[in-house]
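Student: I am new to this structure and should be grateful for a close look at a single part of it. Please choose one place and explain how it is built.

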Amino acid sequence: MELRVLGCSGGEAEGNRLTCLLVNRSLAIDAGSLTQALTTREQVAVRQIFITHSHLDHICTLPFFTKNIFGHTEVPVQIHALPETLASLRRHLFNDELWPDFSVIPSPDNPIIRFSEVVPGQVYEVEGLRITPILVNHLVPCVGYRVEDDHSAFVFSSDTAETDHVYEVANETPNLKLFITEASFPNSQAWLAEASKHLTPEKLGRELKKLKQDVPVGIFHLTPGDRPVMLPELKAIKDKRLMLLDQDAHFRW
Ligand SMILES: [Zn+2]
Ligand SMILES: [Zn+2]
């Protein structure tokens with residue numbers, strides 16, 4: 001399996017792209033930076049997109065992506081997400097006001113994108129991979145994903161406050177190579193993390209005790225301006241598995 005981190009920042013600024021993972025060149029998880037990180041050719045190669053939740057930093061390049069691939073693809077790109085997330089995309093984004101409804105363009109029978117509902121816990125076999133959505137604990141309905149092939153697996157929690165199930169799934173995953181989870185705000189903003197259902201380094205430290213596998217833990221979703229404060233706070237967790245997930249990191253397992 002090949003995993004490319006196209007973006008892993010909790011905020012956008014020069015050099016900091018928003019959440020977007022690319023697996024084996026054809027499957028994306030979230031769409032925070034598809035169009036900033038990929039050439040148009042690489043964008044056309046993306047056939048499946050699994051969205052974790054409706055927040056803008058995870059979906060914002062979908063409109064520009066649909067425009068870029070128009071005319072370059074014969075089969076609709078599948079956009080997989082919870083029903084609530086798809087409803088938000090339809091209602092607020094692909095509504096012909098903010099952006100044309102590419103789920104019926106050029107025709108309802110053969111559109112550019114096709115929406116597909118996911119059910120947490122169900123395994124989806126696509127592009128030679130097995131994808132399992134896992135409910136987490138965020139401000140809106142949100143799933144993390146486990147991505148597996150026959151040799152390796154990684155788990156991505158997406159945005160989440162304190163939660164259990166994603167750790168249970170990771171603990172029982174054979175060939176787990178990487179666990180990705182978040183830290184969004186410094187310890188001094190625990191109230192903000194609580195209100196927006198995110199983690200601080202301190203909260204993350206308590207969460208990681210639930211992970212029983214000795215695998216690297218990649219941290220994503222730091223707010224760019226808070227990095228200088230948060231890096232020592234993450235170090236203070238003293239968990240040897242912990243590392244920062246780097247933009248443009250490339251994993252091959
Ligand atoms: Zn979010
Ligand atoms: Zn986010």
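Tutor: Donors are N, O and S atoms within 2.8 Å of the metal (3.2 Å for Na, K and Ca), and water is not among the atoms, so sites may look incomplete. With that in mind, Asp-159 bridges the zinc ion (ligand 1) and the zinc ion (ligand 2), which lie 3.6 Å apart. The model is predicted, with local features needing pLDDT of at least 70 and side-chain atom pairs pLDDT 80 or more, while totals for chains, interfaces and linings use all residues. Residues are numbered from 1 along each chain as its sequence is written, chains are lettered from A and ligands numbered from 1 in the order in which they are written, and side-chain values use heavy atoms, without hydrogens and water.

Consider the zinc ion (ligand 1). His-53 (NE2), His-55 (ND1), His-138 (NE2) and Asp-159 (OD) coordinate this ion at 2.1 to 2.4 Å. Along the sequence, the donor residues of ligand 1 follow the spacing H-x1-H-x82-H-x20-D. His-53 counts as buried because its relative accessible area is 0%, buried meaning under 20%, exposed over 50% and partly exposed in between (1.4 Å probe, protein chains only). His-55 has 23% relative accessibility and therefore counts as partly exposed. The four donor atoms of ligand 1 form angles of 91 to 166°, and the site is irregular. Irregular covers anything that is not tetrahedral (four donors, all angles between 85 and 135 degrees), square planar (four) or octahedral (six), the last two with opposite donors over 155 degrees apart and all others between 65 and 115.

The zinc ion (ligand 2) takes its protein donors from Asp-57 (OD), His-58 (NE2), Asp-159 (OD) and His-221 (NE2), at 2.1 to 2.2 Å. The arrangement around ligand 2 is irregular because its four donor atoms subtend angles of 91 to 167°. For ligand 2 the donor spacing in sequence reads D-H-x100-D-x61-H. Distant parts of the chain are linked here by the pair Asp-57 and His-221, 164 residues apart. Asp-57 belongs to helix 3 (residues 56-59), whereas His-221 sits in the loop between strand 12 (217-220) and helix 9 (227-235). Helices (H or I, at least four residues) and strands (E, at least two) are DSSP runs numbered from the N terminus. Asp-57 and His-221 are both buried.

To return to the starting point, Asp-159 appears among the donors of ligand 1 and also among those of ligand 2, and this residue bridges the two ions.
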